[in-house]
Every structure is written in structure tokens, then in C-alpha cells.
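Here's a quick tour for anyone meeting this structure for the first time. Have a look at it, then read on.

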2 protein chains.
Amino acid sequence: MMDASCVCLAMRPMLTSVSTASRPLYRRLAAEYVQAMGLGTLQLGEKMPSVRELMRRHQVSLSTALQVLRYLEEQGYLEAKPRVGYFVRDARTPLSGSLALTSEPDLSQPVQPNAQAHFVGINEHISLLLERGRQALVHLDVGGCTPPAALFDHRYLNQLVARLLREQPTLLVQGRSLLANQGNHPVFQQAMARRALATGIRVAPADVLATTGNSEAVSLALAAVAVPGDMVAVESPTYYGLLQVVESLQLQTLEIPCSPRTGLSIEALELAFQTQPRLKAVVVVPELQMPLGTRMPDAHKARLVALCTRYGAALIEDDSYGLFVEGAQPVKPLKAWDSGLGQVIYCQAFNKSLAPGLRQGWMNGGQWHGRVQMLKFAQSRNTQTLGQLVVAEVLGSPTHQRSLERLKMQLKNQRESMARLVARTFPVGTRMSLPAGGLCLWVELPDGFSSAALFGQALEQGIRIAPGSMFSNSGRYEHCLRLACTQPVDAVMEQAMQLLGSMACAQLGQAPRS
Amino acid sequence: MMDASCVCLAMRPMLTSVSTASRPLYRRLAAEYVQAMGLGTLQLGEKMPSVRELMRRHQVSLSTALQVLRYLEEQGYLEAKPRVGYFVRDARTPLSGSLALTSEPDLSQPVQPNAQAHFVGINEHISLLLERGRQALVHLDVGGCTPPAALFDHRYLNQLVARLLREQPTLLVQGRSLLANQGNHPVFQQAMARRALATGIRVAPADVLATTGNSEAVSLALAAVAVPGDMVAVESPTYYGLLQVVESLQLQTLEIPCSPRTGLSIEALELAFQTQPRLKAVVVVPELQMPLGTRMPDAHKARLVALCTRYGAALIEDDSYGLFVEGAQPVKPLKAWDSGLGQVIYCQAFNKSLAPGLRQGWMNGGQWHGRVQMLKFAQSRNTQTLGQLVVAEVLGSPTHQRSLERLKMQLKNQRESMARLVARTFPVGTRMSLPAGGLCLWVELPDGFSSAALFGQALEQGIRIAPGSMFSNSGRYEHCLRLACTQPVDAVMEQAMQLLGSMACAQLGQAPRS
């Protein structure tokens with residue numbers, strides 16, 4: 001059996017096998033500190049210099065300083081104590097529930113929070129990749145994360161639509177009624193508010209805004225709280241759709257490091273607030289972060305909400321994947337820690353968990369709800385009523401609960417099988433996440449690997465993957481890729497993974513694994 | 001029988017009955033020119049000073065100069081010769097197909113194209129009015145223009161949905177396929193491109209972008225061609241939803257006068273291009289302009305497209321009402337005059353003509369199509385497939401053609417009955433449009449009338465109207481209102497119109513009409 005939280009195919013040699021000149025700056029600085037630890041200059045348990053101190057001492061940028069600390073933490077040399085700082089630990093002792101996932105930024109393009117140039121063109125880049133995928137003859141898609149139709153109970157949904165149209169025959173020909181709050185159906189609002197309450201969120205039904213999905217919701221949220229030129233903190237790596245939204249609104253992305261264990265670094269975010277006055281919003285997927293699959297611990301959630309409240313920034317929560325968390329424990333969204341101030345803008349979509357063809361979700365804009373509602377109405381009027389009623393009915397039904405459990409079980413099996421295939425076929429030195437639920441694996445290959453090259457090669461063979469460059473504006477995930485676990489793992493899939501693995505091995509000059 | 005194009009309840013005394021001091025500036029200037037005509041200083045057939053000349057001579061703004069000319073034209077003193085200018089005519093000879101509709105701007109807040117302050121808050125204003133309408137116990141809505149469910153063939157639509165779900169059982173659980181162009185279903189694209197061709201528009205099926213409606217389409221179009229602070233020319237008066245879109249994107253509105261006979265003043269637009277470098281887009285409803293109901297003559301359409309092409313501005317065409325034009329003549333959209341340059345962004349929605357509950361439309365972004373498509377995908381991903389397939393099927397069916405003809409006939413009857421009720425019950429001096437199709441009447445009451453006051457009074461009686469202040473940022477339509485003709489004209493309606501009429505008469509100190 002594999003470790004539940006990670007898979008490490010082989011231990012990577014630490015900071016020794018390459019010449020320092022070709023290493024990125026943060027690696028060289030990290031190596032200095034490792035040396036200092038070896039020499040005893042920095043003792044076990046001693047506090048590491050803070051980010052500010054590192055910036056000052058080495059004349060480096062915020063992101064480089066953060067990367068030094070993050071890298072040393074990930075390599076096991078440092079331990080983070082929330083709100084205090086980083087402390088030297090014994091790198092030979094494994095961390096409890098440790099992670100094997102490390103990120104290996106390519107700092108040939110260092111991340112500069114304010115460098116506008118880095119935030120232009122992600123849409124073109126992503127569109128190009130999607131377009132290449134579309135034009136190729138793809139027979140196996142492990143790039144997109146929407147579960148295939150076969151994993152949903154379409155009969156139940158179709159019967160429900162038929163029943164709704166029988167009971168309310170004029171549903172499709174009715175505009176928004178004067179009674180309905182700007183096109184938000186009271187039945188839908190009631191259902192969402194009730195569900196939210198069960199997870200610890202208090203939202204009045206009238207404050208439930210129906211949306212067509214989470215891109216729309218996050219887009220409205222950002223437009224409500226920021227103006228062009230403002231900055232938005234996002235998780236790194238993050239869902240490429242979010243980078244598209246941010247860019248399309250002419251906002252700037254500030255990528256905040258994410259620990260695969262605990263999610264978004266709250267220390268880094270705090271520093272960002274202190275140094276970036278135009279930082280107006282933070283977008284977070286607290287449960288099954290996309291693409292890492294991280295579940296943010298409750299204590300972190302509370303701190304994150306408090307931090308955003310302190311700095312008056314909007315905390316935009318995308319809670320669409322919380323539905324995929326395995327196990328009986330109830331999942332508590334960030335919004336559950338939101339005080340009376342309404343600092344959290346909550347967004348949830350049901351495309352992936354209920355019916356990808358329906359395009360239905362909802363949001364609550366917290367203290368910005370009025371503005372969100374106004375923007376929604378101005379820019380796309382009301383959301384289709386049929387979809388609202390279908391979702392309201394489905395979510396309350398035991399049939400759907402059973403379907404969702406089946407879906408989660410199937411995804412879990414597929415995810416584990418995919419992980420085994422990666423472990424068997426991908427190059428020595430490959431690492432990956434193994435999240436507690438969700439739709440994908442994040443795979444990190446050794447330095448020098450190009451997921452863009454693999455994307456092209458794989459496409460020629462009819463296989464579509466999602467290369468790491470889609471998940472950041474910084475180019476630091478070029479050696480990573482996202483593998484969807486939404487497809488059945490059959491002989492075709494095994495063959496495809498074998499092929500991907502051997503192409504990756506060839507790129508790195510390794511012999512094929514099996 | 002009423003005149004087909006207008007109703008004038010009584011001739012308004014011209015420029016004499018009020019003291020000049022209380023008159024707006026443009027009226028005082030107009031009076032000077034009328035005097036000049038009376039004295040023979042300006043002879044019949046003589047060319048009137050140009051807008052520029054008026055601006056220079058009287059040290060007035062662009063909008064005041066335009067208003068002078070427009071007012072004199074509407075009063076019959078001037079005749080416009082396209083691309084040449086205005087000429088003095090005999091005010092006693094009626095214009096062929098003349099209009100009785102005049103606009104009576106309240107220039108206590110003069111329109112300044114660049115005054116940002118005037119473009120802030122229209123959303124709040126409109127939201128407030130809609131919210132008041134929502135909270136009141138409305139039993140008769142002549143404010144909203146969506147035809148009631150009873151005017152549509154819901155059985156046909158429901159059967160169609162049932163059939164589609166039978167034939168394609170996984171429709172609701174399928175995400176966008178890799179093969180479909182970013183969620184635009186090929187069947188829908190094909191159907192729209194074919195329909196467009198029949199009206200003279202050449203659009204490749206792949207360049208059809210499915211939208212949820214025209215607010216989304218126009219919002220995407222504007223976001224694609226303009227950045228915050230840029231200026232958008234709109235018709236005056238215009239659909240309030242457009243003012244909301246423009247404001248929500250932090251753009252500025254420039255209101256261009258509209259002749260009820262020919263639509264948007266092309267002379268005024270040309271001058272605007274010459275004087276406003278930030279003017280990036282023009283939004284036009286060429287057929288059955290909302291709320292005036294004007295049909296733009298084909299020659300005007302050609303000139304408008306040429307003008308926008310010359311100035312490199314996007315011409316955004318909302319062609320949702322062209323479907324409501326009565327008669328057998330095919331309606332040719334602006335886009336049909338678009339050259340190879342793709343200056344026209346074409347938008348069409350089917351909410352009001354086919355199924356208000358479906359939220360389905362499409363657009364083609366012309367030369368900006370790639371950017372529009374990118375924004376759509378970034379901000380709300382794909383549009384629901386079911387809606388696309390329903391619309392594609394319905395539009396091609398003879399059943400729908402018959403429904404649409406029935407709908408138009410019904411609307412025509414209701415519109416004419418409503419006009420008769422207005423003529424019978426509204427104050428002496430009331431004028432109104434009587435358009436060749438569509439969903440509403442634009443009613444203009446004598447100076448001193450407040451449609452905002454009537455809105456409040458009517459709401460107390462359970463009647464909702466749309467006051468003129470919703471249709472402009474300038475406040476110049478305070479004495480106007482829009483009456484929807486989408487409801488059956490029965491005893492309840494007659495009573496309601498009687499009530500509205502007598503409240504309006506009371507406001508003006510007139511005795512009730514009947």
C-alpha cells in the first residue's frame with residue numbers, strides 16, 4: 001500500500017549534483033543555509049531569519065526569500081511555527097504526515113509580484129493549448145478534469161426535468177418573475193441556504209445568488225472588489241481558469257506558495273498584505289485545492305479568514321471540490337469562520353459533482369453582495385430557472401447522495417490506480433500528490449523535464465495532458481503536469497500511461513521503467 | 001384609425017407659453033433661430049449653421065448644439081440632408097411619415113459627454129426602482145417588456161426538450177466536449193450561421209459564439225473593445241440594461257440623439273468621433289429600437305457601418321428585436337453591410353421571441369471575435385448545451401414560425417389598444433411613439449410631468465410602469481415613460497390605464513380626460 005498522502009519514487013539528491021552557477025538564486029541561498037546548519041552556525045531548534053530579514057540581508061525579492069524558506073521547509077530542514085516563523089529541524093527525521101511533493105521553480109523567469117508583463121498572455125497560452133488539444137485526434141483525455149457522462153445518473157436527472165416541466169409547464173417560457181429576486185428562484189435560494197447552514201454557514205435565502213458556474217462567480221466577485229491594476233493573491237499552482245479570469249479583468253496575479261499539506265502559506269500572504277497595498281482579494285480553494293488536492297486544516301482556515309478581515313481584503317472561496325472530500329467528516333468551508341463582517345465571498349458550482357451539462361452554481365458576496373448582485377444583473381441578467389430547480393431538487397434527494405458516494409468511490413479507485421501507473425512507468429525522481437479526494441493527481445518530474453514537450457508528443461499519440469505551465473503565470477511548473485483521474489483505468493489507459501512514462505524517461509535520458 | 005407611425009393628442013404651443021428664463025438653454029437658442037426665420041434672416045431652404053458653428057458662436061457644448069438642431073428638426077423647422085446639414089423648411093407643411101414624438105430634455109443637468117459623475121449610479125437607480133417594484137404588491141406590470149408565458153407555445157418546447165433528452169440521454173451530464181469549439185455546439189453554430197446568411201450576414205459556423213442572452217453578449221463585446229475610462233456611444237433614450245452594462249464595466253456613456261423616424265443621428269455620431277478620442281464603441285438597436293421602436297432605414301445602416309469603419313470603432317448591434325418587425329419584408333441587420341473588416345459585433349438573443357426562461361443567444365465578434373471568445377471562456381466558460389440545441393431546433397421549425405407570427409399579431413393588437421387607451425386617458429399634450437412592431441410604447445407627457453412621481457403613485461395601486469429616468473443617464477426623460485404592450489388589454493388594463501391617466505392629469509393640474 002502506498003502512503004496515504006504522498007508517493008515519492010526516489011529521493012532526490014540535495015543541492016549537490018549540479019553546479020551552483022546554473023542553479024536558481026533561491027537554491028544557492030538555500031544551499032548556504034544548509035551549509036550553515038551542517039557547520040552548526042544554525043543550530044537545531046534555532047529560528048531562521050524572517051522573510052524580511054532574508055530580503056534585506058541578501059538583497060533579494062519577496063518571492064525569492066519566500067522560495068528559500070519554502071524550499072528548505074519542503075526539504076525537511078525547517079519547520080514552520082504558525083505566526084512565529086521557521087525553525088531549524090533535523091532533516092533526517094520524517095515529518096508526521098509528510099509530503100513528498102516539492103516544487104522546482106524555473107527561475108529563469110523569476111516571479112516579480114509587480115511585473116505586469118508576467119500577467120499578460122496566460123489566456124493566449126491556455127487557449128492555444130486547449131485549441132491544440134481540440135484540433136488533435138484525442139482518444140484519451142487525461143488533461144480535462146470533468147468526470148465523463150458515464151459517472152453520473154442521467155436517467156434520474158432526465159426524469160426530474162420531465163417531472164418539473166409537467167408540474168410547471170410554462171417554466172421555459174417564463175421570464176424572471178417580479179417576485180423572484182432578480183431571477184433567483186426562491187426554491188433554489190432556500191435549498192442552498194439550508195445546505196450552507198449544515199456546513200456552518202449562515203446565509204439568508206435572499207442572499208443566495210444563482211450563477212452559471214464558478215468562473216462566472218469568481219469573475220463577479222473579483223470585479224466587485226478590485227479595479228484594473230489591483231492585485232489578487234492566488235494559490236501557486238492554481239487552476240488555470242482562475243488565471244484566465246484574473247487576466248481578463250486586467251488584474252494582476254500574486255502567486256502565494258502552497259504547501260501540499262496545509263495549502264496557501266498564511267505567512268507569505270501576510271507579508272504580501274504588508275508590502276502590496278493594491279492587494280485587494282485572495283482566491284482560495286480550501287478543500288481539495290486544484291491541482292494539488294490539498295485540504296486546508298481548520299486552524300489554517302480560521303487564521304486565513306482573520307488575516308483577510310484584518311487587512312480588509314476579500315477572501316474569495318471556491319468550494320466546488322469540498323463535495324468530493326472522502327469520508328464521513330463534515331467539511332467546513334472558510335465561510336463558516338466568517339464573522340459578522342462578511343469578509344468571505346463564497347462560491348460553489350455543481351458542474352463536476354452533479355451535472356456538467358447544467359452550468360449551475362451559486363454564490364454569496366458577503367459584505368460585497370449588493371455589488372456582486374448588481375454586476376451579475378447588469379452583465380448577464382438572471383440564470384436559467386430550470387437549472388436552479390433541478391439542482392435544488394437533486395441536492396436534497398437521497399438518490400443524489402448515493403450517486404455522489406458512488407462517484408467519489410470510483411474517483412478514488414481511479415486515482416489510486418493512476419498513481420500506481422505513474423509510480424511504475426514515470427522517470428526515477430518523479431513525485432506526486434495523492435490527495436484525499438478529487439479529480440486529479442499533480443505529478444512533478446525531475447529538473448530538466450519539459451511538460452510542454454510531453455504535451456506535444458502525447459498529443460501526436462492522441463493523448464491529452466495538462467502541462468504545468470497552465471497552472472501559473474511564473475513558468476515555475478514547467479516540469480510538472482496534472483493528470484485527470486476521471487477516466488476508467490483500463491488496458492487503453494495502462495498503455496497510454498506506459499507511453500507517457502516512456503516518453504518522459506526518454507526526455508530525461510533514462511531507460512523506460514517497465 | 002390612428003396614424004400608423006404616431007399619435008399626437010394635441011399640438012403643443014411652440015416656445016411661447018413659458019418664460020424664457022425657465023427654459024433650458026437649447027430651447028432659448030432654438031427660439032432665437034425660429035425668430036430669425038420669422039424675420040426672414042434665415043430664409044426657407046437656407047442652410048442652418050453646423051453643430052460646430054453653433055458651438056463656437058454661442059459658446060455651448062456639443063450636446064446643447066445637437067439639441068438645438070434636433071429640437072428644430074422635430075418641431076418641423078429644419079430638415080436634415082444626410083451628410084450635408086440642416087436646412088430651413090416650412091414648419092406648416094407636415095413631413096411625410098412625420099413623427100409626433102419630441103424629447104423634452106431637462107437641462108438642469110446638462111449632458112456633458114465627459115462628466116464621469118453623470119455615469120455613476122444608474123445601476124443603483126435602476127436597482128432601486130426594480131426593487132421597489134418587486135416589494136410592492138404588483139397586480140399589473142406594464143413596466144417590464146417580456147411577453148407573458150401565455151403568449152408562447154410551451155407544449156411544443158416541453159416536447160422538444162423531452163425528445164432531445166430521449167435522443168441524447170446524457171446531454172445534462174456531459175461537459176463541453178473537446179470537439180465542440182469551447183462549448184459552442186456545432187448544431188447550434190450551424191443553425192445560427194444559416195439563419196444569419198438568410199438576412200445577408202456571412203458568418204462561419206465556427207465563429208458563432210453561444211451566449212446566455214444579450215446583456216452577456218454586449219458586456220463581452222464592450223469588454224473586448226474598450227478599457228475602463230473609454231467612451232461608448234449609445235442611443236438616447238436607450239434600454240436601461242445597456243446603461244447598466246456600460247457602467248458596470250467602468251466605461252462612460254455618450255448619449256447620441258435618436259430620431260424616432262431614422263434612429264441614431266449619424267451626424268451627431270460623426271461629430272462625436274471627431275471630438276472624443278476615447279470613443280471606442282457604438283451600441284445600436286437598429287430594428288425596433290428600445291424604447292422608441294424606431295426602424296433605422298437601410299441607407300442609414302450603410303452610412304453607420306461606413307462611419308464606424310472609418311473611425312475604427314466597434315459597432316455593436318443588438319438585433320434581438322428585428323424578429324418582431326411586422327410584415328413580410330426581410331429585415332437586414334447592420335452586419336449585412338459589414339465589409340471584410342468585421343467592424344460590426346452582432347448580438348442576438350431569443351429570450352423575448354422564443355422562450356424567456358431559456359436564456360439563449362449568440363454573437364459574432366467581427367474582428368474582435370477571438371478576444372470576445374477568450375473573455376467569454378475566461379469569465380463564464382461554455383453556455384448550456386440543452387439551450388443551444390432547443391433553440392437550434394425551434395428556430396428551424398414551421399411551428400415556431402407560426403407561433404412567432406401569432407405573437408407579433410397579438411402584440412400589434414395590444415399595442416394599438418394601449419395606444420388608444422393612452423390617447424383617451426392621458427393628459428392633453430401627451431405624445432407617443434407607435435412603432436411598426438415590438439413590445440412597448442414610449443409616451444411623452446407635457447413639461448412639468450414627473451414619471452418618477454407617477455411610478456410611486458402607480459405602485460401604491462399595484463401598477464408598475466417604467467419611468468423615463470431609467471432610459472438615460474442625463475435625466476432628460478423625466479417627463480416620459482415606457483409602457484409595455486405585452487399584457488392582454490382587458491377590463492383590468494382599461495381600469496389601470498384610466499387610473500394612470502387621471503393621476504398624470506392631476507399632476508399637471510388638468511381635469512381627468514374621461
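Where chain A and chain B meet in this predicted model, the rule picks out 21 residue pairs in polar contact, counting pairs with both residues at pLDDT 80 or more. Which parts of chain A give two or more residues to the side that touches chain B? They're all helices: H4 (122-135), H5 (154-167), H7 (214-225), H8 (240-248), H11 (369-380) and H12 (385-396) of chain A. H11(A) gives the most, with six residues. Sort that side of chain A by class and you get 29 nonpolar, 24 polar and six charged residues.

How many salt bridges does the rule find across the interface of chain A and chain B? The count there is zero. The contact itself draws 59 residues from chain A and 59 residues from chain B. Together the two chains bury about 5000 Å² between them, and 56% of that comes from carbon and sulfur atoms.

Now for chain A as a whole. Its secondary structure adds up to 15 helices and 17 strands. Of the 514 residues in chain A, 62% are buried. Chain A still exposes about 18700 Å², with carbon and sulfur atoms supplying 54% of that area. Take the contacts in chain A between residues at least 6 apart in sequence: 75% of them join residues at least 24 apart.

Two residues are worth a visit, one in each chain. Here's where they sit and how accessible they are.

| Residue | Place | Relative accessibility |
|---|---|---|
| Gln343(A) | loop between S10 (314-318) and S11 (344-349) of chain A | 3% |
| Leu441(B) | strand S14 (440-444) of chain B | 0% |

Is Gln343(A) buried or exposed? Gln343(A) counts as buried because its relative accessibility is 3%, and the cut-off for buried is under 20%. Its side chain makes a polar contact of 3.0 Å with the side chain of Gln367(A). Setting aside neighbours within four places in sequence, Gln343(A) also has Trp368(A), Asp338(A) and Cys308(A) among its contacts.

Over in chain B, Leu441(B) is buried too, since its relative accessible area is 0%. Leaving out neighbours within four places in sequence, its contacts include Met418(B), Met432(B), Pro435(B) and Leu481(B). Leu481(B) is 40 residues away from Leu441(B) along the chain, and the C-alpha atoms of the two are separated by 8.4 Å.

Methods. Residues are numbered from 1 along each chain as its sequence is written. Chains are lettered from A and ligands numbered from 1 in the order in which they are written. This is a predicted model: local features need pLDDT of at least 70, side-chain atom pairs count only at pLDDT 80 or more; totals for chains, interfaces and linings use all residues. Side-chain values use heavy atoms; hydrogens and water are left out. Contact means heavy atoms within 4.5 Å. Buried area is the accessible area (1.4 Å probe) that two parts lose on being put together, summed over both. A salt bridge is a side-chain nitrogen of Lys or Arg within 4 Å of a carboxyl oxygen of Asp or Glu. A polar contact is a pair of N or O atoms within 3.5 Å; within protein, one must be able to donate a hydrogen and the other to accept it, and residues adjacent in sequence count only if both atoms are side-chain atoms. Helices (H or I, at least four residues) and strands (E, at least two) are DSSP runs, numbered from the N terminus. Ala, Val, Leu, Ile, Met, Phe, Trp, Tyr, Cys and Pro count as nonpolar, Asp, Glu, Lys and Arg as charged, and the others, Gly among them, as polar. Buried means under 20% relative accessible area, exposed over 50%, partly exposed in between (1.4 Å probe, protein chains only). Accessible areas come from the Shrake-Rupley method with a 1.4 Å probe; for residues, only the protein chains shown count as cover.
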